[in-house]
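This report walks through a structure chain by chain, then looks at selected details. The sequence and coordinates come first.

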Amino acid sequence: MMSWQDAKDIIYNSIWKQNQGVVAILGMCPVLVMSNNIINGVSLGLATSIVMLISGAAIAAIRDFVPNELRAPIFILIIAALVTMVDLLMNSYVHDLYLVLGIFIPLITTNCIVLARAEAFASKNPVSQSALDGFFMGLGLTLVLGILGAMRELVGKGTLLSGIDLVFGPAAQGWVIHVIPAHYNYQFLLAILPPGAFIGLGFLIAGKQALDRRAEARAKAAARLAPPPAEPQAAS
Amino acid sequence: MMRTSPHVVKPTPLQLVMLKVAGALLPGIAVYVYVFGAGIVLQLLLATVTALLTEAACLKLRNYPVKPFITDGSAVVTAWLLALSLPPLSSWWMIVLATVIAIGLAKHLYGGLGQNPFNPAMVGFAVMIVSFPAQMGRWNAPLSLLSHELTSWQQFGYILTGQLPQGLAFDTLASATPLDAVKTGLTQQHALPDILQGAIFQAGWLPSEMGWIAAAYLLGGLFLLQQRVIQWHKPVAFLAALLAFSGLFHLIDPARYASPLFHAFSGAAILGAFFIITDPVSAPTTPLGRLIYGALIGLLTWLIRTYGGYPDGVAFAVLIMNIAAPFIDQYTQPAVFGRKRGSVGAKGGKA
């Protein structure tokens with residue numbers, strides 16, 4: 001079994017350091033298309049996370065029996081089978097949302113993030129680590145999709161959580177938050193259209209780097225303030 | 001340029017260029033005021049103030065010295081081009097938003113003056129027409145066609161508050177632009193000669209009163225050419241391509257394709273030819289490249305006007321060709337002196 005420290009490393013790596021959405025910049029197609037509101041983005045992100053959780057575990061479990069030359073088709077077969085299950089489940093339980101997400105659910109199969117984690121992590125690591133890595137990589141993507149969705153929805157229509165009734169049924173229609181009251185008919189189409197996704201993602205990437213840089217600068221400042229070490233420091 | 005007084009502060013070359021460009025726009029602006037009224041002056045003012053504030057804010061955020069960059073005049077020219085592209089009586093927030101996007105997004109996010117791959121004014125315009133198609137189509141008719149009088153103060157008031165004097169609705173002032181009228185008429189299967197009977201097209205030998213404004217821009221453009229602020233390649237190639245394609249199709253079927261004169265003196269063609277596509281930053285730099293660039297913008301403009309969904313195509317044509325500019329540059333490198341094209345010297349090229 002993995003230690004608590006290992007798990008923490010994997011989670012930190014997945015959510016922040018190697019975030020698939022804003023650092024690896026993989027799987028751009030669904031990220032750009034399905035981030036037009038929070039519900040679409042988070043739903044697709046969670047569906048991807050579940051696929052990645054199970055595919056990570058499954059691939060790690062059989063990693064010793066897979067011939068190296070055949071690994072790609074085998075991984076894809078496993079992922080495709082899992083995606084089919086998620087596709088059928090969503091079709092039966094959240095049918096309206098399923099209609100909105102449309103082709104992007106089957107396309108999780110070809111999402112580079114899923115195959116990239118299978119190839120880079122699950123095929124080299126034990127089952128529990130791989131499952132954790134897959135799930136949190138998915139959650140890292142979900143986070144990006146959710147924030148980008150919120151930004152685009154807010155700027156584009158002045159709402160948050162629009163379309164929530166697709167997930168929780170007609171009763172949830174009142175849960176939509178109108179940050180800008182509905183009677184103003186506020187609309188800024190650019191944010192909803194694809195250019196808004198590119199511009200928004202650009203801001204997210206820049207924001208993440210700015211936070212990293214600030215943390216780095218703080219760490220440096222803290223190191224300078226700390227008492228000097230016993231031996232002279234190497235110039236670095 | 002004649003300068004008599006002993007100026008203590010000599011303008012930088014860039015300031016001088018921008019000053020000349022702004023000066024060359026003045027005849028056009030004067031005719032604009034004559035045709036549409038003084039509303040445009042307020043739009044220009046709003047655009048200028050917003051551009052300078054946005055520029056200063058962006059420079060501050062990027063830790064650049066504010067004064068040398070803000071006084072170079074480039075932001076003001078961008079702002080003026082934008083104000084001249086938007087409907088003259090559009091609400092104040094539209095020109096403000098468009099200018100913020102042009103300066104903040106299209107210019108400074110890409111690295112500021114000299115680094116922007118897209119023409120900032122055209123990005124601002126494109127964002128507005130994509131996001132607010134209804135408001136961007138709200139052109140008022142030229143003053144000479146209005147049955148009511150519309151004073152300058154009423155125009156300023158409408159821009160700032162959206163309120164017209166009692167008993168006056170914007171619908172009574174509104175009119176399709178010439179390009180819009182032709183496009184709508186043609187989609188409704190009217191023949192072009194019938195469409196051109198409309199009141200807006202009665203303006204002497206030019207296609208419409210907007211044509212007068214275009215003619216004044218042409219004057220300014222010729223001044224810029226004479227001053228060598230711009231070179232002839234891009235405007236000539238652009239206009240030649242626009243005239244050639246519209247002329248060819250007009251000859252084939254005059255009932256469906258507008259005349260070259262109509263295309264040249266409607267919409268943003270002349271303004272684009274001399275003031276927009278001549279932006280040196282976002283265009284190719286080689287002589288052959290400039291010709292190709294201008295001609296393709298002319299062709300695209302005609303294509304978008306004739307077959308596209310928007311009445312005018314200059315903005316989108318410019319943006320599309322901005323993307324192609326580095327590519328054009330790479331393949332039109334002139335031969336290094338003393339060598340043949342394609343030999344060692346030219347091979348390195350610009351990566």
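## Chain B and its partner

In this predicted model, 46% of the 351 residues of chain B count as buried. Chain B has 18 helices and zero strands. Its radius of gyration is 21 Å, which agrees with the value near 20 Å that a compact globule of 351 residues would have. Contacts between residues 24 or more positions apart make up 71% of those in chain B with a separation of 6 or more.

Chain A has a mixed make-up: 10 helices and two strands. Read from the N terminus, its elements follow the order α-α-α-α-α-α-α-β-α-β-α-α. Of its 236 residues, 36% count as buried.

The table sets out the two chains.

| Property | Chain A | Chain B |
|---|---|---|
| Helices and strands | 10 helices, two strands | 18 helices, zero strands |
| C-alpha box along the principal axes | roughly 70 × 50 × 30 Å | roughly 70 × 55 × 40 Å |
| Residues counted as buried | 36% of 236 residues | 46% of 351 residues |
| Share of contacts (separation of 6 or more) from residues 24 or more positions apart | 78% | 71% |

## Two domains in chain B

Chain B splits into domain 1 (9-174) and domain 2 (177-333). Their C-alpha centres lie 21 Å apart. The contact between them draws 31 residues from domain 1 of chain B and 29 residues from domain 2 of chain B.

On the domain 1 side, the elements that give two or more residues are α1 (13-36), α4 (74-85) and α6 (120-131) of chain B. The largest share comes from α1(B), with 11 residues. By class, this side of domain 1 of chain B has 23 nonpolar, seven polar and one charged residues.

## Helix α6 of chain B

One helix on the domain 1 side deserves a separate look: α6 (120-131) of chain B. It has 12 residues. From first C-alpha to last, α6(B) reaches 16 Å, close to the 16 Å expected at 1.5 Å a residue.

How many of the 12 residues of α6(B) are buried? The count is 11, and the helix is mostly covered. The buried residues of α6(B) run from B:Pro120, B:Ala121, B:Met122, B:Val123 and B:Gly124 through B:Phe125, B:Ala126, B:Val127, B:Met128 and B:Ile129, with B:Ser131 completing the list.

What covers them? Both chains take part in the cover, which includes α9 (189-192) of chain A together with α4, α5 (92-108), α7 (133-136), α15 (269-276) and α17 (314-331) of chain B. Of these, α4 of chain B also gives two or more residues to the domain 1 side of the domain contact.

## A residue in helix α3

B:Phe69 sits in helix α3 (residues 66-70) of chain B. Is B:Phe69 buried or exposed? Neither label fits, because B:Phe69 has 18 other C-beta atoms within 10 Å and a buried residue needs 20 or more, an exposed one 12 or fewer. B:Phe69 is therefore partly exposed.

Leaving out residues up to four places away in sequence, B:Phe69 touches B:Glu55, B:Leu59, B:Tyr64 and B:Leu113. B:Ala141 lies elsewhere: 72 residues from B:Phe69 in sequence and 38 Å from B:Phe69 in space, C-alpha to C-alpha.

Notes. Residues are numbered from 1 along each chain as its sequence is written. Chains are lettered from A and ligands numbered from 1 in the order in which they are written. This is a predicted model: local features need pLDDT of at least 70, side-chain atom pairs count only at pLDDT 80 or more; totals for chains, interfaces and linings use all residues. Helices (H or I, at least four residues) and strands (E, at least two) are DSSP runs, numbered from the N terminus. The radius of gyration is taken over C-alpha atoms; the globule rule is 2.2 Å times the number of residues to the power 0.38. Two residues are in contact if their C-beta atoms, placed from the backbone, lie within 7 Å. Domain bounds come from an automatic or database domain assignment. Ala, Val, Leu, Ile, Met, Phe, Trp, Tyr, Cys and Pro count as nonpolar, Asp, Glu, Lys and Arg as charged, and the others, Gly among them, as polar. The expected span of a helix is 1.5 Å times one less than its number of residues.
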